[in-house]
Amino acid sequence: MNIEKIVEHLKCRIDEKYILKGESMANHTTYKIGGNADIFVIPQNKEELIYCIKVCRENRAEYFILGRGSNLLVSDDGFRGVIINIEDNISKIEVNDDEIYAEAGAGLINVSYKAYINSLSGMEFACGIPGTVGGAVYMNAGAYGGEMKQIVTEVEALDQNNEVKVIYNDEMRFDYRYSAIQDANYVVLSVKIKLTKGEKEEIKNIRERLRLHRQNGQPLDLPNAGSVFKRPEGHYPGKMIEDAGLKGYTIGGAQISEKHANFIVNTGDATAKNVIELIKYIQDEVYNLYGVQLKVEVKMLGEFE
Ligand SMILES: Cc1cc2nc3c(=O)[nH]c(=O)nc-3n(C[C@H](O)[C@H](O)[C@H](O)COP(=O)(O)OP(=O)(O)OC[C@H]3O[C@@H](n4cnc5c(N)ncnc54)[C@H](O)[C@@H]3O)c2cc1C
């Protein structure tokens, strides 16, 4: 990739101050881990976002759509390509009766709060998931029995031909931590969510109960990326890892959380290599003990050995 050429193209539409070279990805992931990205661009609206993607596609530059980086492990060598960051910059939220329109960069926590403020029920499950709406649709994020599948009616997305399309819920093939976006190489631009009118006090109580549950059960005081492994049929990875006696096991700065064994925390100076080695160690131990192959939920970006 010719970095200067891509930067020149981007500059035609994007303010220079939003095009960074050699930006550390540790600044943009909840793990606080990751080497530098060749180019890190922050489009300020949907039109600029589409422009950035077109520039990358037309110039055959590798690119990656980044939300909050809350489900992401970036290699210590960083990323040879363009990171396109959709966060607070593209984050409009509008409530219309029992429907919410949210742009891809809106925080899921903010949308869930907006639902509560408007006495809309159905999004309480999302009140502690620290990603963007785009990332949540991509992942079909969920918790405590709720998931995006249950509330998303329409997804506005950019397809591979740079056309804006509307994809309806039944076309999204939502499944456990999966949506069609993952295979289609689409980019989520905005989402429509349908909720039900509820009692504000009741919604508040549910949110508070879930908040406490999360606070008591998850290592929120240390950098992490949520659950590391997907739930295999009939098992809970956290329990398997804990029963294997692995809580607190550490490689370099990466540690299996003492609070929740399906979380790996960065105790200060963890590298991506430490995390990967720990993941492999856990997978081997669990496989040897239970014959179950744990699959990683966290997405990986960049080169890993
Ligand atoms: C403390 C903590 C608790 C968590 N709890 C939960 C939980 O309860 N349930 C749960 O499901 N997850 C949980 N997570 C994981 C994470 O928050 C979710 O997976 C979230 O949906 C990721 O959103 P993001 O914006 O951070 O995505 P990122 O991590 O930035 O990206 C994840 C993937 O989505 C893609 N992506 C992001 N935005 C777009 C877009 N607009 N269009 C296309 N692709 C896109 C990226 O390319 C990447 O492949 C937790 C994480 C943390 C740190």
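Author: A polar contact is a pair of N or O atoms within 3.5 Å, and that cut-off is applied here to a predicted model.

Reader: What makes the approach of Ser70 to the ligand a polar contact?

Author: An N or O atom in the side chain of Ser70 lies 2.6 Å from an oxygen atom of the ligand; the pair falls within 3.5 Å, and therefore it counts as a polar contact. Taken alone, the ligand exposes 970 Å², of which the protein buries 94%.

Reader: How do you know that the backbone of Arg68 and that of Gly69 also make polar contacts with the ligand?

Author: For Arg68, a backbone N or O atom is 3.0 Å from an oxygen atom of the ligand, and for Gly69 a polar backbone atom is 2.9 Å from an oxygen atom of the ligand. Both distances are within 3.5 Å, so each pair meets the definition.

Reader: Which residues come nearest to the ligand, and which element gives the most to the shell around the ligand?

Author: Of the 35 residues around the ligand, Ile65, Gly67, Ser70, Thr132 and Gly142 come nearest, while helix 4 gives the most to the shell, with five residues. Strand 3 (63-66), strand 9 (142-143) and strand 13 (187-194), like helix 4 (133-139), each supply at least two.

Reader: Why are residues such as Lys273 and Glu277 called charged in the lining of the second largest pocket?

Author: Lys and Glu belong to the charged class, so Lys273 and Glu277, both among the lining residues, count there. By class, that lining has seven charged, three nonpolar and one polar residue, and it draws at least three residues from each of domain 1 (3-88) and domain 3 (219-301).

Methods: Residues numbered from 1 in each chain as written. Predicted model: local features only at pLDDT ≥ 70, side-chain atom pairs only at ≥ 80, totals over all residues. Heavy atoms only, no water. 1 Å grid on protein atoms, 1.4 Å probe; cavity = no way out; pocket = protein on both sides within 12 Å on 5 of 7 lines; lining within 4 Å. Domains from an automatic or database assignment. Near = heavy atom within 4 Å. Polar contact = N/O pair within 3.5 Å; in protein donor to acceptor, adjacent residues only side chain to side chain. Areas by Shrake-Rupley, 256 points an atom, 1.4 Å probe, with all protein chains shown as cover. Helix = DSSP H or I, 4+ residues; strand = E, 2+ residues; numbered from the N terminus.
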